[in-house]
Amino acid sequence: MNKDRAEQLRRRVALRSRPPAPRTPLAAGATRPDSVLNRAAHLGEAFAAVVAEFPDRIAVQDGRLSWTYRQLDETADRLAAALRAVTSDPGRPVGILLERSVWMVAAALAVLRTGSSYAPLDAQTPRARLELIVDDAEPAAVITSRAFAGRVPGGLPAVFVDDPLPEPTADAPQTGIDRDTRAYIIFTSGTTGRPKGVQVSHGNLLSLFAAVEETYAFGAEDVWTQFHSFSFDFSVWEMWGALLHGGRLVVVPAQTAQDPAALWRLLRDERITVLCQTPTAFHQLAAEDNRFADRLPLRWVVFGGEPLYFSDLAPWFAKYGDDSPRLLNAYGITETTVISSFHRVTQDQLGGTGSLIGRPIAGTEFLLVDDALSAVPPGGTGEIVVTGPGVGLGYLKRPELDRDRFVELPGGRGRGYRSGDLARLTPSGVFAYHGRKDDQVKIRGFRIELGEIEQALRALPLLAEAAVVARDLPERGTSLVAYVVPAEGAGLSVESLQEALAATLPGYMVPTVFVRLDRLPLTQNGKADRKALPDPADASTLTLRGTGRGEEPADAVEERVLRIVTGLLHLDRADPTAGFFDLGGHSLLATRLLAGVRTAFDVEVPLREFLREPTARALAAVVRERLAEPSRDSDRAAGIGREPGHDATPGPAGESGRPPTRPGGDTGAAPAPPAHAGRPTGPVHAVHTARNTHGGHPALLRLRQHPAGAPPVFALPGVLGLGESFAQLSSHFRDRSFSALSTARLVRASDGEQTATALAEECARIIAAAVDGGPLHLVGHSYGGSLGFYVAGRLRELGVPVAGLVLLDALDPAALEKKLSGGHDDQLLAFLATLAGLFPDLARHRDTDLPELLRTESTAMVLARAARIIGPSAVEFFQGGLEAAFRTYRWMCDRSWPEPRPAGLPTLFVRAGGEDGAAGADHPSEWARLLPGVLRVERVEADHEGMLRNPHARRLAELLQGFLTEHDVPHETGTSGTQSAPGKGATPR
């Protein structure tokens, strides 16, 4: 061991050593000088001390990997070595473009070891905005994965975490790094329409945790969630809070973060002790928690990102009290290193108004000033100027903004940051928050400059003028409202405006309400008079297409169902016959709708039943059927539901008392359990008579209905046979009907005895009966792609024109049969891997040695383990549980496919560009042979399952719409039996 290495180890041990004498109480506002956080020269040194003390403790885990502090340290060293090989300029930042994972944490540590700073790049950020951020940051390199390679700007050196990494450079020095060195840059919304980069130093962050170390006693026994996006500064508090105290960091998958039920299970299963939440997210979690007697193991809940109103916490305190966990309302700004003050919320404060933000943390001071930076009178309201060691380095390349916001205070009081927030010092010595001085707002934790949205709106050729405000709207909370003046002759719709804005703005910055005005009201100075903008409730609010008054509700049941629908979708009115997805709904809202129905009527409606005909009228009909069932108590059957006081907007609950685990994605196509596990009523050769009460075959899900539109789409799912998997993709089709076949139901109905040919025959007959002659388009995902090829051939033999075929990351029949063949154990492993791609909770257990487990446990025991992980709601969805689902899966896999014949059917092949794309689907050469001269190949940057979920589903729908429109064939009445599809040649069999 050389001298430098020995000195590094000595310093690590010395940093963690504690004086033998007992600690003495600290004065208020003081920090402990012997603290590692006070003595460390930089973040890397403080982290090294933790590694030395807790090398074998788990440091970080995600759904796939779990690393100890030693492993995280070694991985960061290897990434740093790879980074040094592509750049030697620590003065420029390094971008980190990764999904939520342990690699994201290792990348941040690696960057700091090179002396550089990291700049988080959110993969969900629109490309135009990401390009602005990269232009400003001018990163020397980017750390990313192959899945995101297409988003890395051309010419920028990249280190791919999924490529082989070099061994770390021996004793690589961390020289030139001190507390004043920049650690990271986080980009926030900017008034000019361009995001601004906030620079924060090592010392800023170390000072933050030194200031709270004694008061909150975070330690190695704590388990933290990495709940927030890496590009949101609350994530800095979460990540470094765990790493600097030897705790365990659990990286929360994005889909779990958006699903209160899945998050609640994660908090319980992982024994989380420190949770950070925006108030909006916490209210949803608290509603879920209130369904259970179990208490979560939390020690601290830290609120931030938006104002917290204490009265909203009453249900939580009724269950937990105010001591375990303790609830902290934090106030802070990215420019002053995340958190500047805390206020502990107690039960006796529930009746208060306003939002108390407490006292500044140790070393920090709040000054309340007027526009001239003079102190306001005692008890007066003024702008908060934050001083102390948390005040950041300033903005990146924005000297004029630095001069305006980072100010030298009069009287030699040093440098402070003008927050733009208004507050008042109460007689008890704590600060009360009184809103924003300017037009910057926080919604669901995101800082938003309204000017940036206005600039994006004004850039649209549809509009002449625009203004944006944040309004607290009934049953919607704080919402962005855009007031728009159309350009001459322009037609406006919510869809057109939102889709145009989504190209340049992240989703949280796209307004949810649009008010049409003839002109904007102006002040005497000629500026937009925001105070004179009309209340959206009293103005001409734009609505989604299809929300005209149309038919009136048929009865009180239908009227109440319609109220739930319009409340969820923020509509003033809706036609009861309009499709839920046509009105702007999505699958998560569908589960909330059914939860609202359960609350209002005390009846269960399975999601799959609703999806067959997703209208308020059809749903009301099901409710009436349930209410009339003889098994119901007479007093319930006599009424139409609960008393009016229970007619609130439903929370995010699923149909069995809890929302099902959603298979990934931001707003998730959520499989929900059926109320009972029934089979289809009969074989499909009786397709014209085997129709349910809503019309159509029981296995056919009508996700969108547009009878007068373009030729419809019929979709065939993957090997699990779940037609519901197309719910999110279908929501982006506005001009044509979109239905999906649940092939698993068909296979179960035949006890698995169908051949592949018979299954294709059955699907073709169901579809033929539904279209009454055609024409139509077929879409097949994965297994459904091969099946769709044969279904297309059978339909054309029946005289039904198939205008086009879309293959979504699908293997050709021969390759599919080879992949799915195998023994029982191989198929069980493949089945569990498929489930892991859908359910985040199961994906977290992917590292289990399943082959070894199968040697000691039966199939039933292994599936029972999986069932416990994904939860009962998800299991019930598979009609009979996971054992029945696995049996169906094996039936699907064991089918042999007949020799296919080449066909001239226009076909679009879309391959998944993510790391989990179907093996072999990347080069569809066999498909090209089977579809000579008619195969077009496109790519979507998503994984195999994720391509069907938002946000990727929107891009996929755009590709499909273009292809389908190009190959649409008009339906000529009376000729449906003889009409030819384009390119009809040899029939696929």
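**Exercise 1. Decide whether V862 is buried or exposed in this predicted model, and place V862 in its secondary structure.**

Solution. Begin with the relative accessibility, which is 3% for V862. The cut-off for a buried residue is under 20% relative accessible area, and V862 therefore counts as buried. Next, locate the residue along the chain: V862 is found in helix α29, which covers residues 859-870. Finally, take a distance to a residue elsewhere in the sequence: V862 and E883 are 21 residues apart in sequence, and their C-alpha atoms are 9.9 Å apart in space.

**Exercise 2. State which residues S101 touches beyond four places in sequence, and determine whether S101 is buried or exposed.**

Solution. First, place the residue: S101 sits in the loop between β3 (94-97) and α5. Second, consider its accessibility: the relative accessible area of S101 is 6%, so this loop residue is buried. Third, leave out residues up to four places away in sequence, after which S101 is found to touch D62 and V251.

**Exercise 3. Describe the largest nonpolar core, and find which helix gives it the largest share of residues.**

Solution. The largest nonpolar core has 94 residues, and those with the most contacts inside it are L72, Y118, I143, W237, W240 and F342. The largest share of this core, 10 residues, is contributed by helix α5, residues 102-113. To see how one of the core residues is surrounded, take L72 and set aside its neighbours within four places in sequence: L72 is then in contact with F47, A59, V60, W67, V105, A106, L109 and L243. Apart from the largest core lies another core, of 58 residues, which includes I766, A810, A867 and W897. For the chain as a whole, buried residues make up 59% of the 989 residues.

**Exercise 4. Work out the strand order of the open seven-stranded sheet, and explain why one side of β27 and of β33 is left without a neighbour.**

Solution. The order of the seven strands is β27-β29-β28-β30-β31-β32-β33, and the pairing is mixed. Strands β27 (700-704) and β33 (935-940) stand at the edges with a single partner strand each, so one side of each has no neighbour in the sheet. The twist from one strand to the next averages 20°. For a pair within this order, take β28 (residues 710-716) and β29 (residues 736-741), which pair in the parallel sense over four bridges; in register, A710 stands opposite R736 in β29. The last step adds a helix: α24 (residues 783-797) packs on the sheet and touches β28, β30 (776-781) and β31 (802-808), with its direction making about 155° with that of β30.

**Exercise 5. Establish which residues of strand β9 lie on each of its faces, and identify the residue opposite T225.**

Solution. V223 and T225 lie on one side of β9 (residues 223-226), while W224 and Q226 lie on the other. All four of these residues are buried, and both faces of the strand are thus covered. Strand β9 pairs in the parallel sense with β10 (residues 248-251) over four bridges, and T225 stands opposite V250 in β10.

**Exercise 6. Examine the backbone at A217, D602 and the bond between S324 and P325.**

Solution. The reference point is that most residues other than glycine have a negative phi, and most peptide bonds are trans. A217 has a positive phi, near 50°, although this residue is not a glycine; A217 lies in the loop between α7 (202-216) and β9 and is partly exposed, with a relative accessible area of 47%. D602, again not a glycine, has a positive phi of about 60°; D602 belongs to the loop between α17 (587-601) and α18 (607-612), and at 26% relative accessibility D602 counts as partly exposed. S324 and P325 are joined by a cis peptide bond with omega about 5°, and P325 is located in the loop between α12 (314-320) and β13 (326-331).

**Exercise 7. Find where the pLDDT stays under 50, and set these stretches against the mean for the chain.**

Solution. The mean pLDDT of the chain is 79, and 78% of the residues reach 70 or more. Over residues 634-695 the pLDDT stays under 50, and the model has 185 contacts beyond four places in sequence for this stretch. Over residues 971-989 the pLDDT is also below 50, with 50 contacts in the model beyond near neighbours in sequence. Among the elements of the chain, the lowest mean pLDDT, 40, is that of helix α20 (residues 634-638), and the highest, 98, is that of strand β1 (residues 58-61).

Notes. Residues numbered from 1 in each chain as written. Predicted model: local features only at pLDDT ≥ 70, side-chain atom pairs only at ≥ 80, totals over all residues. Heavy atoms only, no water. Buried < 20%, exposed > 50% of the residue type's maximum accessible area, 1.4 Å probe, protein only. Core = buried A, V, L, I, M, F, W, Y, C linked by side-chain atoms within 4.5 Å. Helix = DSSP H or I, 4+ residues; strand = E, 2+ residues; numbered from the N terminus. Contact = heavy atoms within 4.5 Å. Pairing = 2+ DSSP bridges. Axes fitted to C-alpha atoms, helices over the stretch in contact; angles between N-to-C directions. pLDDT = per-residue confidence, 0-100.
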